[in-house]
Amino acid sequence: MGDLMYEIGQNAYIKLVLHALKHKESSVNGVFVGRFDGGKGVVEIVDAVPLFHSNIGLLPALEIALIQIEEHYASQGLSLVGYFHANERSDDNDLGNVAKNIGDHLCRYFPQGGVLLLDNSKLEALPKVKDRSPVMQLYSKNGSTWKVEESNRLVLKEPSANIILLDYVSTQKWEDIADFDDHLDDINKDWLNAHLFK
């Protein structure tokens with residue numbers, strides 16, 4: 001991967017953290033959409049789609065979701081560039097097999113793709129330390145294995161993203177988020193979450 005950088009936009013970042021907060025008792029996942037700037041060596045994460053909070057490793061539902069996501073964003077010149085995962089237990093900071101397998105799948109189509117794992121300890125400490133770094137850990141593919149990257153390889157595009165995130169947490173904005181699971185249960189629930197930041 002060399003010195004590849006990942007720059008995550010505020011809305012994409014906040015959307016997936018809120019998804020994890022909404023379903024604290026279960027693992028959740030999602031995908032990142034964006035583009036690769038080869039000249040700068042930067043994967044630009046523009047948006048995110050929360051996927052599942054139950055049966056997160058279920059392949060048929062995942063394939064349906066990925067097809068719909070790719071079709072929607074292709075017209076904007078965007079594609080899948082990464083995967084997000086939050087573990088069920090707040091003390092679990094390991095990248096599990098489900099996350100690795102989905103990351104492997106995405107890397108077949110986008111070799112520069114990364115996996116972001118929610119770091120619950122950073123998230124819990126955020127109100128106290130007012131940190132400007134993401135509450136996620138970046139993993140990149142190294143041969144057939146996933147390895148943790150240095151924290152400076154993942155940056156927030158908007159430095160104030162954690163301040164906005166804390167504001168949304170204090171107002172329990174996570175109640176408004178819908179994931180693909182919710183959409184499959186009720187097609188009126190918007191997996192794009194277009195209303196979330198209005």
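Colleague: How do you know that β5 and strand β6 (residues 136–142) pair?

Modeller: Two strands pair if DSSP finds at least two bridges between them. Here 5 bridges join β5 to β6, so the cut-off is met. The two strands run antiparallel, and leucine 118 has methionine 136 in β6 as its bridge partner. Bear in mind that this is a predicted model: local features need pLDDT of at least 70, side-chain atom pairs count only at pLDDT 80 or more, and totals for chains, interfaces and linings use all residues. Residues are numbered from 1 along each chain as its sequence is written, and side-chain values use heavy atoms, with hydrogens and water left out.

Colleague: What makes β7 (145–148) and β8 edge strands?

Modeller: The open sheet has 8 strands, in the order β7-β6-β5-β4-β2-β3-β1-β8, with mixed pairing. β7 and β8 each pair on one side only. The twist from one strand to the next averages 35°, taken between N-to-C directions of lines fitted to C-alpha atoms, on a scale from 0 to 180 degrees.

Colleague: Which strands pair with β1?

Modeller: Strand β3 (residues 42–50) does, running parallel to β1 over 4 bridges, with glutamate 44 as the partner of glutamate 7. Strand β8 (residues 154–156) also pairs with β1 in the parallel sense, over 3 bridges, and there leucine 156 partners isoleucine 8.

Colleague: Which side chains of β1 (residues 5–8) are buried?

Modeller: Buried means under 20% relative accessible area, exposed over 50%, and partly exposed in between (1.4 Å probe, protein chains only). Tyr6 and Ile8 point to one face and are buried, whereas Met5 and Glu7 point to the other and are not.

Colleague: Why is α1 called largely enclosed by the rest of the structure?

Modeller: It's called that because 11 of its 13 residues are buried, including Tyr13, Lys15 and His19.

Colleague: What makes α1 (residues 10–22) a helix?

Modeller: A helix is a DSSP run of H or I with at least four residues, while a strand is a run of E with at least two, both numbered from the N terminus. α1 has 13 residues, so it passes. From first C-alpha to last it reaches 18 Å, close to the 18 Å expected at 1.5 Å a residue.

Colleague: How do you know that the buried residues of α4 line one face?

Modeller: Those residues are Asn120, Leu123 and Leu126. Seen down the axis of α4, they fall within an arc of 105°, so they line one face; the arc uses directions from the helix axis to the C-beta atoms. On the other side, Lys128 and Val129 are exposed.

Technical notes: The expected span of a helix is 1.5 Å times one less than its number of residues.
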